[in-house]
Amino acid sequence: MEGRALSNATGYSDEWGDWDKRPSGLSFLTKLLAVLSVVVVGTALATNNWLLTEELITRVPLFDENATMTSQQTVTTQQDEPARFLEKTIAGLWTVCISNLTTGCFDCFQIFEVFDESYVPDPGDSAWAMPYAASRSIGFFLLATVLLCFAEVCFVISLLKNKDWIIFVSGVSFIIAGLLMLVGVIALISLFRAEVGNKLRPASVHKSPTLTFNYGFSFQLYMGGLALIEATGFI
């Protein structure tokens, strides 16, 4: 009686709250989506391919303290204008890899080990714009991940206990976790675009933007996981 009263109070009927009374196809789909969502989101968080940038800069960053000063000097053209170098970055929530123009390889850094509060935007080099955005929005991603884990635990318990209120809590947790993920993504991209500013727009119709970026497979996986999580919660 208590379980039925709780179901009526929450609007979650026994027919749909009980796994045994659900249509077999819908029950299987819910379980499949729940498993896929945590696998996809976990893969996205564990990989580093979130944002890929290419920027034309007028100096070569010096990564090696023992490198010669000539690698830092600006190379000029015959018109006495600084030459431009193409700097590439591969950034995620935890790591940023920046192309080393003196070696041709990528130098990778753990964002939270090298990034500090003294960061100041560099108009000549936006390699650290993504790490800055990640450091400011990471709270949403962590909170969403914790809530997703809680939703998955409740989901597993609901399969074992078959309690209406556990299924209800699991569904709501999935939905809220997805919304937090969306807020985190919006904050991340908004902060990044605010940092790079006018570099995304060409200075004139005859010039290309000094910075371009693309979303990597990790970002796309995360957005796909977000859709799976919301579908799991609503179903």
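In which strand does I90 lie? In this predicted model, I90 belongs to strand β2, which covers residues 85-91. This report begins with the overall fold, turns to the sheet that contains β2, and then considers a disulfide and one helix residue.

## Overall fold

The protein contains 7 helices and 5 strands. Along the sequence, these elements follow the pattern α-α-α-β-β-β-β-α-α-α-β-α. The protein has 235 residues, and buried residues make up 38% of them. Among contacts between residues at least 6 apart in sequence, 68% join residues at least 24 apart. The accessible surface comes to about 13,100 Å², and carbon and sulfur atoms account for 62% of that surface.

## The sheet

The strands form an open sheet of 5 strands in the order β4-β3-β2-β1-β5, with antiparallel pairing. At the edges stand β4 and β5 (211-215), each of which pairs on one side only. On average, and with direction ignored, neighbouring strands of this sheet are turned by 20° against each other. Strands of a sheet pair through backbone hydrogen bonds, in either a parallel or an antiparallel arrangement.

On one side of the sheet, strand β1 (residues 51-57) and β5 pair in the antiparallel sense over 5 bridges. Within this pairing, E54 stands opposite T212 in β5. Helix α6 (residues 164-196) packs on the sheet and touches β1 and β5. The direction of α6 makes about 165° with that of β5.

Strands β2 and β3 form a hairpin with 3 residues between them. The two strands run antiparallel and are joined by 3 bridges. Here A91 has V96 in β3 as its bridge partner.

Strands β3 and β4 also pair in the antiparallel sense, over 5 bridges. V96 takes part again, with F109 in β4 as its bridge partner, while T95 stands opposite Q110 in β4. The hairpin of β3 and β4 has 6 residues between the strands, and G104 in this hairpin takes a positive phi near 85°.

Why is β3 described as largely enclosed by the rest of the structure? The reason is that 5 of the 5 residues of β3 are buried. In a regular strand, the side chains alternate between the two faces of the sheet. In β3, T95, C97 and S99 point one way, whereas V96 and I98 point the other way, and all are buried.

## I90 and its surroundings

I90 is partly exposed, with a relative accessible area of 26%. Leaving aside residues up to four places away in sequence, I90 touches N48, N49, L51, L52, T95, V96, C97 and F106. The C-alpha atoms of I90 and C108 are separated by 8.9 Å, although these residues are 18 residues apart along the chain.

## The disulfide

How many disulfides does the model contain? The count comes to 1 disulfide. This link joins C97 to C108, with a distance of 2.0 Å from S to S. The link of C97 and C108 is right-handed, with 105° about the S-S bond. C97 lies in strand β3 (residues 95-99) and C108 in strand β4 (residues 106-110), so the pair ties together parts that are 11 residues apart in sequence.

The table lists the relative accessible areas of four cysteines, including the two that form the disulfide.

| Residue | Burial | Relative accessible area |
|---|---|---|
| C97 | buried | 9% |
| C108 | partly exposed | 47% |
| C149 | partly exposed | 42% |
| C154 | buried | 9% |

The two partners of the disulfide thus fall into separate classes: C97 is buried, whereas C108 is partly exposed.

## A residue in helix α7

Helix α7 (residues 217-234) contains T232. Is T232 buried or exposed? T232 is buried, because its relative accessible area is 5%, and the cut-off for a buried residue is under 20%. A polar atom of the side chain of T232 lies 2.8 Å from the backbone oxygen of L228. With residues up to four places away in sequence not counted, T232 touches T30, L33, A34, S37 and F174.

Definitions and conventions: Residues are numbered from 1 along each chain as its sequence is written. This is a predicted model: local features need pLDDT of at least 70, side-chain atom pairs count only at pLDDT 80 or more; totals for chains, interfaces and linings use all residues. Side-chain values use heavy atoms; hydrogens and water are left out. Helices (H or I, at least four residues) and strands (E, at least two) are DSSP runs, numbered from the N terminus. Buried means under 20% relative accessible area, exposed over 50%, partly exposed in between (1.4 Å probe, protein chains only). A polar contact is a pair of N or O atoms within 3.5 Å; within protein, one must be able to donate a hydrogen and the other to accept it, and residues adjacent in sequence count only if both atoms are side-chain atoms. Contact means heavy atoms within 4.5 Å. A disulfide is a pair of cysteine sulfur atoms within 2.5 Å. Accessible areas come from the Shrake-Rupley method with a 1.4 Å probe; for residues, only the protein chains shown count as cover. Two strands pair if DSSP finds at least two bridges between them. Axes are lines fitted to C-alpha atoms, for helices over the stretch in contact, and angles run from 0 to 180 degrees between N-to-C directions.
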